[in-house]
Amino acid sequence: MDLLLSGNSPLGEVLAAPSAPLLNGIAVCLIDVADKDRRDRLATRDGGRWEQAAPDAFCGWAAWRRGHARDPSFRPDVIINGSWPEMAWHRWTTWTA
C-alpha cells in the first residue's frame with residue numbers, strides 16, 4: 001500500500017515522530033515557490049488579512065525549510081526546542097548534507 005502525506009511537516013519532524021519506524025520507506029519532495037511569488041500570492045489571495053510581519057514570517061519559515069532540505073543539520077533547534085517529549089530527534093540529528 002502506498003500513502004501520500006502532504007503537509008507542512010519538515011522531514012526531520014516526520015522522522016522523529018514516534019510512529020516513523022512503522023513506515024516501510026519514505027521519500028520526500030519539497031515543493032517551494034520564490035519569496036516574491038509567495039508574497040504576491042498572500043496579497044492576492046488574502047489581501048488585508050495578514051499583519052505586516054506575517055509575510056516575513058512565512059518567508060522565514062520557507063527559508064528554514066530550504067536549508068533543512070539541503071542539510072538536515074541546518075538549525076535543528078527550530079523544530080526541536082520546545083517540542084513534544086515523545087519525539088525521537090536522534091533519528092536524524094547526526095545526518096549531514
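Biologist: Which element of the protein has the lowest mean pLDDT, and which the highest?

Modeller: Helix α1 (residues 11-16) has the lowest mean pLDDT, 92, and helix α4 (residues 77-80) the highest, 96. The model is predicted, and pLDDT is the predictor's confidence in each residue, on a scale from 0 to 100. The protein averages a pLDDT of 91, and 100% of the residues score at least 70.

Biologist: What makes Trp50 and Phe58 an aromatic pair that is edge-to-face?

Modeller: Three aromatic pairs are counted. In one of them, the rings of Trp50 and Phe58 lie 5.0 Å centre to centre, with 85 degrees between the planes. Ring centres within 6.5 Å make a pair, and planes over 60 degrees apart make it edge-to-face. Both conditions are met, and therefore the name applies to Trp50 and Phe58.

Biologist: How do you know that Trp89 and Trp92 also form a pair that is edge-to-face?

Modeller: The same test is used. Their centres are 6.2 Å apart, within the limit of 6.5 Å, and the angle of 80 degrees is over 60.

Biologist: Why is Trp50 called partly exposed?

Modeller: Trp50 has a relative accessibility of 31%. A residue is buried under 20% and exposed over 50%; 31% falls in between, so Trp50 is partly exposed. Phe58, at 32%, is partly exposed because its value also lies between these limits. Trp89 and Trp92, by contrast, are both buried.

Biologist: Why is Arg38 called buried?

Modeller: Arg38 has a relative accessible area of 18%, which is under 20%, and therefore Arg38 counts as buried. Its place is in helix α2 (residues 35-45).

Biologist: What lies around Arg38?

Modeller: Leaving out residues up to four places away in sequence, Arg38 touches Asp32, Val33, Phe58, Cys59, Ala62 and Arg66. A polar atom of the Arg38 side chain lies 3.2 Å from the backbone oxygen of Val33.

Biologist: How do you know that His68 is buried?

Modeller: The relative accessible area of His68 is 6%; this is under 20%, so His68 is buried. His68 belongs to helix α3 (residues 54-70). Beyond its neighbours within four places in sequence, His68 is in contact with Pro10, Leu11, Gly12, Phe74, Ile79 and Trp92.

Biologist: Which residues make up the largest nonpolar core?

Modeller: The largest nonpolar core has seven residues: Leu15, Ala16, Trp64, Ile79, Met87, Trp89 and Trp92. Apart from residues up to four places away in sequence, Met87 touches Glu13, Ala16, Ala17 and Pro18.

Methods. Residues numbered from 1 in each chain as written. Heavy atoms only, no water. Phe/Tyr/Trp six-rings, centres within 6.5 Å; stacked < 30°, edge-to-face > 60°. Buried < 20%, exposed > 50% of the residue type's maximum accessible area, 1.4 Å probe, protein only. Helix = DSSP H or I, 4+ residues; strand = E, 2+ residues; numbered from the N terminus. Polar contact = N/O pair within 3.5 Å; in protein donor to acceptor, adjacent residues only side chain to side chain. Contact = heavy atoms within 4.5 Å. Core = buried A, V, L, I, M, F, W, Y, C linked by side-chain atoms within 4.5 Å.
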